[in-house]
Amino acid sequence: MKEKTTQDLLQEIDRLQDRLRESEETLQAIRQGEVDAIVVADHAGEQVYTLQTAERIYRTIIEQMNEAAATLSEDGTVLFCNTAFARLVHVQYEWIVGTSIRDIVPSDELDLFNAMFRKALREGVRGESTLLASGGQAVPVFLSMKGIEGTTPPILSLLATDLREQKRNESIVAEGQLSAAILENVGEAVIVCAPNGTVTHASRIATDICGEFPRHKHVDELCELRIQEPGPGRSSVLRFADLWTRQLRRVEAKCRRADGQELDLLLSSAPLFDKEKERGGLVLTMVDITTRKSIEQDLQRARDQLREANLDLENRVLQRTAELESANRAKD
C-alpha cells in the first residue's frame, strides 16, 4: 500500500474539519428551528424526514384534546382557546378570542370567579364554576387555572371540564334515592307498573300485602283482585288491562293471594306520566282493611244479636203483659 504523503494527510484533515463544521452547523440549525426537513440517503434512496417543533406538537395536542382549554391574559382577555372550548360555550373561535372571560361568567358568580382568578395568578386553583353558553344557557364546569411560568406579563392557562352530564346523573341518582326512601317509608302499599304490567317499584308494605316481593313480576301474578259491581251479588276480577283503562279511587276490593289467603283492600289506581306528559305506567295503592272489616262484621253480628235479644225481650214482655191482663179479667 502506498504511504500517504504529508500533503495528503493535511488535505484529509481539512476535509474532515469541513465535514465536522458542516455537521455542527446542521445541528445548530435544527436546534434553532431553522430546518423543516432532512434528506437522508439509504438503501431505498433519498428519504425526506420532516421536523416538527415542540410548540407545534403541543398546539396540536391541545387542539385535539376533549377538554376545553384557553390561555388568558392578566386582565382576563382570552388569548387562545381550542375547539372544545368554543364548542362548550357554543360560539365560534374567532368570536371569543380577544373578549374577556368574564363576559361568559354569570353575574351572580363573578365574585367567586374573580377570587379564583386572583389566586390563580399566585398559584394553581381548581373548583366548580359556571360559564354562559350562547343564548344564556348555564354550563356547570370544573375549572383549573394556573399561571404559565416564564411569561411577562403573566399568562394563565385554563382547563374547563363540562359537568352537565355528571350533574344530570347526580340529579337522577338523588331523585331515585328520594323515591326509594319515600316508597320504603310510605304507610300504604304502593306498586308502580310499567306499560306491560311488570312491577318496577314497590313499597315495603306492598310485600306484606302480596305475600312476596313484587318487583319484576307481572301484577296479575301477584294476586287476584275482585271488586263489587253495581247490582246484588255481582263482582268482577280486575286484570292489568282493566286497571290500565280504569281509574279507581279507594274502591273496596277482595285480594286473593297466591298462597290462598284473602284480604280486604281499599284499592286506588292512577296513570303515571313522564316529563314529556307521555303515559309511562300505572300506580296502584292498596290499604289493608281486613282487620277493620273483621271488626265491622263482629260489630254487625253483635248488633244483630242485640236486635234479636231486644225483639225476644219485647215479645216476652208483651206475652207476660197479655197473661197478666188475662188473669185480671178472670178475677173480675
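Strands β3 (residues 68-72) and β7 (residues 156-162) run antiparallel and are joined by 5 bridges. One of the residues in this pairing is Thr71, whose bridge partner in β7 is Ser157. The model in which these strands are seen is a predicted one.

The pair β3 and β7 belongs to an open sheet of 5 strands, in which the pairing is antiparallel and the order is β4-β3-β7-β6-β5. Strands β4 (78-81) and β5 (125-132) stand at the edges; each has a single partner strand, so one side of each is left without a neighbour in the sheet. From one strand to the next, the twist averages 30 degrees.

The reader may now follow the sheet from β7 towards the edge formed by β5. Strand β7 runs antiparallel to β6, and 7 bridges join the two. Within this pairing, Ser144 stands opposite Leu159 in β7. Strand β6 (residues 138-147) also pairs with β5, again in the antiparallel sense, over 8 bridges. Here the bridge partner of Val125 is Met145 in β6. The strands β5 and β6 form a hairpin, with 5 residues between them. In the turn of this hairpin, Gly135 has a positive phi of about 95 degrees.

Two residues of the sheet show how its strands meet other parts of the chain. The first to consider is Ala160, which lies in strand β7. Is Ala160 buried or exposed? A residue counts as buried when its relative accessible area is under 20%. At 2% relative accessibility, Ala160 therefore counts as buried. When its neighbours within four places in sequence are left aside, Ala160 is in contact with Glu67, Ala68, Leu88, Val141, Phe142 and Leu143. The C-alpha atoms of Ala160 and Ser144 are separated by 6.6 Å, although these residues are 16 residues apart along the chain.

The other residue to consider is Val78, which lies in strand β4. Strand β4 stands at an edge of the sheet with a single partner strand, yet Val78 counts as buried, at 1% relative accessibility. Which residues are in contact with Val78, leaving aside its neighbours within four places in sequence? They are Thr71, Leu72, Ile96, Val97, Gly98, Thr99 and Ile101. A further residue, Arg102, is 24 residues from Val78 along the chain, and the C-alpha atoms of the two are separated by 9.6 Å.

Another part of the chain is organised around strand β10. Strand β10 (223-228) is joined by 5 bridges to strand β12 (residues 251-257), and these two strands run antiparallel. In this pairing, the bridge partner of Cys223 is Arg257 in β12. Strand β10 also pairs with strand β11 (residues 235-238) in the antiparallel sense, over 4 bridges. In that pairing, Arg226 stands opposite Val237 in β11.

The side chains along β10 alternate. Cys223, Leu225 and Ile227 point to one face and are buried, whereas Glu224, Arg226 and Gln228 point to the other face and are not buried.

Strand β10 leads to a further feature, an enclosed empty space. Rolling a probe the size of a water molecule over the atoms shows where empty space is left. How many cavities of 30 Å³ or more does the count give? The count comes to 1 cavity. About 50 Å³ of space lies in the largest cavity. The residues that line the largest cavity are Val219, Asp220, Leu222, Cys223, Leu225, Leu238, Leu243 and Met286. Helix α8 (219-222) and strand β10 each supply at least two residues of this lining. The largest share, 3 residues, comes from α8. By class, the lining of the largest cavity has 7 nonpolar residues, no polar residues and 1 charged residue.

The protein chain as a whole may now be considered. The chain has 10 helices and 14 strands. Of its 332 residues, 25% count as buried. Among the contacts in the chain with a separation of 6 or more, residues 24 or more positions apart account for 36%.

Technical notes:
Residues are numbered from 1 along each chain as its sequence is written. This is a predicted model: local features need pLDDT of at least 70, side-chain atom pairs count only at pLDDT 80 or more; totals for chains, interfaces and linings use all residues. Side-chain values use heavy atoms; hydrogens and water are left out. Two strands pair if DSSP finds at least two bridges between them. Axes are lines fitted to C-alpha atoms, for helices over the stretch in contact, and angles run from 0 to 180 degrees between N-to-C directions. On a 1 Å grid over the protein atoms alone, a cavity is a set of points where a 1.4 Å probe fits but cannot get out, and a pocket is an open set with protein on both sides within 12 Å along at least five of seven lines; lining residues have an atom within 4 Å of a point. Grid points are joined across faces, edges and corners, and a volume is the space filled by probe spheres set on the points. Ala, Val, Leu, Ile, Met, Phe, Trp, Tyr, Cys and Pro count as nonpolar, Asp, Glu, Lys and Arg as charged, and the others, Gly among them, as polar. Buried means under 20% relative accessible area, exposed over 50%, partly exposed in between (1.4 Å probe, protein chains only). Contact means heavy atoms within 4.5 Å.
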